[in-house]
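Notebook open, coffee poured. I'm going through this one feature by feature and jotting down what I look up.

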Amino acid sequence: MHGDEGGATASTTTSAAATTPTMAPAVPQRQPIVAVSGRAEGEARGGRQGHGNSGEGEGEGEGEGEGEGEREREEGEGEPGGPRSKRSRTDPACVDRDYFDAYSHIEVHVEMLSDKIRTETYRKAINGFSAFFKGKVVMDVGCGTGILSLFCAEAGARKVYAIDASDMAKEARRIVDKNGFSATIEVIHNSIEKLSIPEKVDIIVSEWMGYGLLYESMLESVIFARDHWLKEDGQMFPAEANMYLMPFTDEDFGQSASFWKTVYGYDFSTIIPFASRCEYQYPRVEMLCAEDELALRPARILSFNCKTVTIDQVKKFTYDFDFTSILHAPFNGMALWFDVVFWIAPNSDRITLSTSPELEETHWAQVLLYMDTPIPVNQDEHITGRITVTMNAACKRCTRFTVNTLSPSPLSKTFNLL
């Protein structure tokens, strides 16, 4: 377990939460262009493969029985998804269209719902604070199939506004009706930025986290919902988020080079450096073996309260790291993961959803940033440098990571998770 990284995947503590974004010191937790295990072109966080790149750069008809009010709120739906163009990488309208189209595919939702750590922790948090939910008005931002809305209704919420801009909202409405919650849950097929409802809400629930926490930039929509629709004394669920950094080693690094040593009797070894750069140029979303962690504890590089955080505070930040290696092994790169914490007051009980490599696997896994060249490190030697995390200006739903090491050897590499 990593210091204040959260302990058990769903844990309860009583320590106070952060109130403003902090760059904390080291502490005692969704298109192949990225080498991630899973997701295909056009899909979103639900598959395991997201767009990535390194370097500097770059409806069906309504079901019967739906009310007129619900239809009215469905204005502003995006166009059907089509092939991605060069323009779609930078045009905000195209980026959003592709994003919401991706969440109209069932595979994304199968993977998220199959992630029991994710879904059961949300259920545990909502049920654990059911007294707080009872009689309250709730907004579920990015409701998908409506599972979190169902949890809230079952916990006693008086009204739940389930918002989703993808076509999955139509299916969510049918699911809600089938399970007898249509009197409590109103599914609205629209983007949060175009939403119109008759009241403000007591609680905003959302599963907004992407790979490495900020990928997909759904946090921006949650902040918009908070600023426009949450009551002054309202509550965010989850209430807090943290991002962690850890250097790692990989004894299998470069093993695929053996393929090029002899190809049909010819020596292709000259291509090995190029092949290695291609293999590791992208962020990889996969599980890190805890035994490959090079430091005793991760660094918590970002921490914020979801009630007060602003986009400006997370759209670009840097962290200067200084790790002491616990192994004599090559340093191959940096791993990122996150946790989110549910609480109703800073000093209340807390339930944590963690994506730590030392805990049970989630569909988020970890984001692995491989440097091009392994650096040998000795036990007790320092690994120092800086990481910069940026919302990619060319694509608002993308995240850019730049890793610069100072010791034991200077290296620099930029990765785009697109």
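Which residues of S8 are buried on one side, and which on the other? I find Glu240, Asn242, Tyr244, Met246 and Phe248 on one side and Ala241, Met243, Leu245 and Pro247 on the other, so both faces are covered. Buried here means under 20% relative accessible area, exposed over 50%, and partly exposed in between, with a 1.4 Å probe and protein chains only. In a regular strand the side chains alternate between the two faces of the sheet.

**Ground rules.** I note that this is a predicted model, where local features need pLDDT of at least 70 and side-chain atom pairs count only at pLDDT 80 or more, while totals for chains, interfaces and linings use all residues. Residues are numbered from 1 along each chain as its sequence is written, and side-chain values use heavy atoms, with hydrogens and water left out. Helices (H or I, at least four residues) and strands (E, at least two) are DSSP runs numbered from the N terminus.

**Neighbours of S8.** Next I checked the pairing, where two strands pair if DSSP finds at least two bridges between them. S8 runs antiparallel to S10 (residues 299–305) over six bridges, and Ala241 sits opposite Phe304 there. S8 is also antiparallel to S12 (residues 329–342), this time over nine bridges, with Leu245 facing Leu336.

**Core.** I looked up the largest nonpolar core, meaning a set of buried Ala, Val, Leu, Ile, Met, Phe, Trp, Tyr and Cys residues joined through side-chain atoms within 4.5 Å. It has 102 residues, and those with the most contacts inside it are Phe133, Met139, Trp208, Leu213, Ile301, Phe304 and Ile387. S12 gives the most to this core, with nine residues. I then pulled the contacts of Ile387 (heavy atoms within 4.5 Å), leaving out residues up to four places away in sequence: among them are Leu245, Ile301, Leu336, Phe317 and Val403.

**Odd backbone spots.** Which residue does a cis peptide bond join to Phe237? It is Pro238, with omega at about 5 degrees, and Pro238 lies in the loop between S7 (230–237) and S8 (240–248). I found another cis bond from Ser407 to Pro408, omega near 10 degrees; Pro408 is in the loop between S16 (399–407) and S17 (411–417).

Then the phi angles. Leu213 isn't a glycine, yet its phi is positive at about 90 degrees. Leu213 is in the loop between S6 (201–205) and H8 (218–229), and it counts as buried because its relative accessibility is 1%. Ala365, also not a glycine, has a positive phi of about 50 degrees. I place Ala365 in the loop between S13 (350–354) and S14 (366–377); its relative accessible area is 2%, so Ala365 is buried.

**H4.** This helix (residues 116–128) has 13 residues and reaches 17 Å from first C-alpha to last, close to the 18 Å expected at 1.5 Å a residue; the expected span is 1.5 Å times one less than the number of residues. Its buried residues include Ile117, Thr121, Tyr122 and Ala125. At the start of H4, a side-chain oxygen of Asp115 comes within 3.3 Å of the backbone nitrogen of Ile117.

**Cysteines.** How many disulfides does the rule give? The count is zero, with a disulfide taken as a pair of cysteine sulfur atoms within 2.5 Å. I also checked burial: Cys152 is buried at 0% relative accessibility, and Cys306 is buried at 4%.

Definitions and conventions: A polar contact is a pair of N or O atoms within 3.5 Å; within protein, one must be able to donate a hydrogen and the other to accept it, and residues adjacent in sequence count only if both atoms are side-chain atoms.
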